[in-house]
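Here is a structure to explore at an easy pace. Have a look around it, and then we'll go through it piece by piece.

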Amino acid sequence: MIPKKIFYTKGVGVHREKLASFEMALRVAGLAHCNLVLVSSIFPPGCKVVSKEEGLKALRPGEIVFAIYDRESTNEPNRLIAASVGVAIPADPSMHGYLSEHHSFGETDEKAGEYAEDLAASMLATTLGIEFNPELDWDEREQIFKMSGKIVRTTNITQSAIGNKDGLWTTVFTAAVFINEDTPVLDTGKSNGGDRASLQEEILRQSLSAQPDGMNSSRLAQRNERVRRPVPSDTITNSPKKSFP
């Protein structure tokens, strides 16, 4: 069983119970209706990256879904958390790539994402026999990997958020999700989890409060006000892909 397709997704959830906040994050990601199985970090040869919308259409309620994912939670008011999945794909389509998981406190999505991307690229580089100094900064190693011509692309998907100001549990979640070849794509034009995620996002959009002074709103998920039925954040941003010639 070698997956031929993969998609990336992420989300934020808030609730007075930790587990329920994870459920809310899964709803934003569109995966709450599936049974997730965490697998180790190999990007299959020739695996095609599809959009989140296309990927969700292929998932059925109750399906066992294999994914590389990470999560982080906090109930400390205003504490910054992040979860990230890094990706490194080789130029040779017959070779496998790598995915990496990383979660942290106090890191922006940019910093956490670069760390996860670095991990994946470094693992792939050692597999491909690319020599590099592990003590170098990521930017310097990225140039070495680029010049080798053996790595075609590195990227990451990352979600950060600030802990709820009232001490509710806040959970961030990111995932690279494999699609089973025998799963039929739904023709309804809507994903199984998309409607629920959109509803949650719309409700939260109306309940978000301002962030603490000095925080960069383009990088961090906004702080959530206490609500009776907590819902996920809409401040999800994808890190740009980096293509190597």
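This is a predicted model, with a mean pLDDT of 81 for the protein, and 74% of its residues come in at 70 or more. Some stretches score low, though. Across residues 187-194 the pLDDT stays under 50, and the model gives them 15 contacts beyond four places in sequence. Residues 206-245 also have a pLDDT below 50, and for this stretch the model shows 112 contacts beyond near neighbours in sequence.

Now for the sheet. Strands of a sheet pair through backbone hydrogen bonds, and they can do that in parallel or antiparallel fashion. Here, 5 strands make up an open sheet with mixed pairing, and reading across you meet them in the order E2-E5-E9-E1-E4. At the edges are strand E2 (35-38) and strand E4 (48-49); each has a single partner strand, so one side of each has no neighbour in the sheet. Strand E5 (residues 64-74) and strand E9 (residues 169-179) run antiparallel and are joined by 8 bridges. To find one spot on that seam, look for Ile68, whose bridge partner in E9 is Ala176.

What lies across the strands? Helix H1 (residues 18-29) lies across E2, E5, E9 and strand E1 (5-15), and it runs at about 140 degrees to E1.

Next, turn to a pair of helices. Two packed helices are described by the angle between their axes and by how far apart those axes are. Helix H3 (residues 109-128) packs with helix H4 (residues 138-148) at about 40 degrees, and their axes are 11 Å apart. H3 and H4 are therefore oblique to each other, and their crossing is left-handed. On the H3 side, Glu114, Glu117, Asp118, Ala121, Ser122 and Ala125 meet Trp138, Arg141 and Phe145 of H4. Sorted by class, this contact has 4 nonpolar, 1 polar and 4 charged residues.

Definitions and conventions: Residues numbered from 1 in each chain as written. Predicted model: local features only at pLDDT ≥ 70, side-chain atom pairs only at ≥ 80, totals over all residues. Heavy atoms only, no water. Axes fitted to C-alpha atoms, helices over the stretch in contact; angles between N-to-C directions. Helix = DSSP H or I, 4+ residues; strand = E, 2+ residues; numbered from the N terminus. Parallel < 35°, antiparallel > 145°, perpendicular 65-115°, else oblique. Left-handed = near helix turned anticlockwise from the far one by under 90°. Contact = heavy atoms within 4.5 Å. Nonpolar A, V, L, I, M, F, W, Y, C, P; charged D, E, K, R; others polar. Pairing = 2+ DSSP bridges. pLDDT = per-residue confidence, 0-100.
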